[in-house]
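Trainee: Could you take a close look at a single part of this model and explain how that part is joined to the rest of the chain?

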Amino acid sequence: QLQLVESGGGLVQPGGSLRLSCAASGFTLDYYAIGWFRQAPGKGREGVSCINKSGGVTNYADSVKGRFTISRDNAKNTVYLQMNNLKPDDTAVYYCAVQYYCSGPVDRWGQGTQVTVSS
């Protein structure tokens, strides 16, 4: 079965950190760009960050620049999102997604992981 599985979400205080993981099973991530998206309650899904196939190109939403870092380990078939200095506005369900290129259409979604930033 081809699937993406996110992990690493949880409850954290403002200013804290979390690292999300996106692991693929049934296929290799080597051939794809991987995007992270999030959806807060009552809001639409928004793009957070993306990394190209080689890992040499990354992009970020303005709201997370300087705080989030995306990376990939193709040997582990996993993409990461390191989130530092978290804010309450970062509270959302975070999804990873397979894209043929960053800004391209999503080919496959993960099931999501909840991130809650609250004191």
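Mentor: Among the contacts in the protein with a separation of 6 or more, residues 24 or more positions apart account for 55%; contact here means heavy atoms within 4.5 Å. The model is a predicted one, in which local features need pLDDT of at least 70 and side-chain atom pairs count only at pLDDT 80 or more, whereas totals for chains, interfaces and linings use all residues. Residues are numbered from 1 along each chain as its sequence is written, and side-chain values use heavy atoms, with hydrogens and water left out.

The protein has 0 helices and 11 strands. These elements are DSSP runs numbered from the N terminus, with helices being H or I of at least four residues and strands E of at least two. The C-alpha atoms fill a box of roughly 40 × 30 × 25 Å along the principal axes.

The part I propose to examine is strand β3, which covers residues 18-25. This strand belongs to an open sheet of 4 strands, ordered β1-β3-β8-β7 and paired in the antiparallel sense; two strands count as paired if DSSP finds at least two bridges between them. At the edges stand β1 (3-7) and β7 (68-73), each with a single partner strand, so one side of each is left without a neighbour in the sheet. From one strand to the next, the twist averages 15 degrees, an angle between N-to-C directions, on a scale from 0 to 180 degrees, of axes fitted to C-alpha atoms.

Let us take the two partners of β3 in turn. With β1, the antiparallel pairing extends over 5 bridges, and within it Val5 stands opposite Ala23 of β3. With β8 (residues 78-83), 6 bridges form the antiparallel connection. There, Leu18 has Met83 as its bridge partner, while Leu20 is matched with Leu81. Strands of a sheet pair through backbone hydrogen bonds, in either a parallel or an antiparallel sense.

Ser21 also lies in β3. Its relative accessibility is 15%, so Ser21 counts as buried; the limits are under 20% relative accessible area for buried, over 50% for exposed and partly exposed in between, with a 1.4 Å probe and protein chains only. Leaving aside residues up to four places away in sequence, Ser21 touches Val5, Glu6, Ser7, Trp36, Thr78, Val79 and Tyr80.

Next along β3 comes a covalent link: Cys22 is joined to Cys96 by a disulfide, with 2.1 Å from S to S, where a disulfide is a pair of cysteine sulfur atoms within 2.5 Å. The torsion about this S-S bond is about 70 degrees, so the disulfide is right-handed. The link connects distant parts of the chain, as Cys22 in β3 and Cys96 in strand β9 (residues 92-99) are 74 residues apart. Both Cys22 and Cys96 are buried.

For comparison, a disulfide also joins Cys50 to Cys102, with an S to S distance of 1.9 Å. Its S-S torsion is -90 degrees, and the link is left-handed. Cys50 lies in strand β5 (residues 45-51) and Cys102 in the loop between β9 and β10 (106-109), so the pair ties together parts that are 52 residues apart in sequence. Cys50 and Cys102 are each buried. The disulfide count comes to 2, and the pattern, with bonded cysteines counted along the chain, is 1-3, 2-4.

To summarise, β3 is paired with β1 over 5 bridges and with β8 over 6, and Cys22 links β3 to β9.
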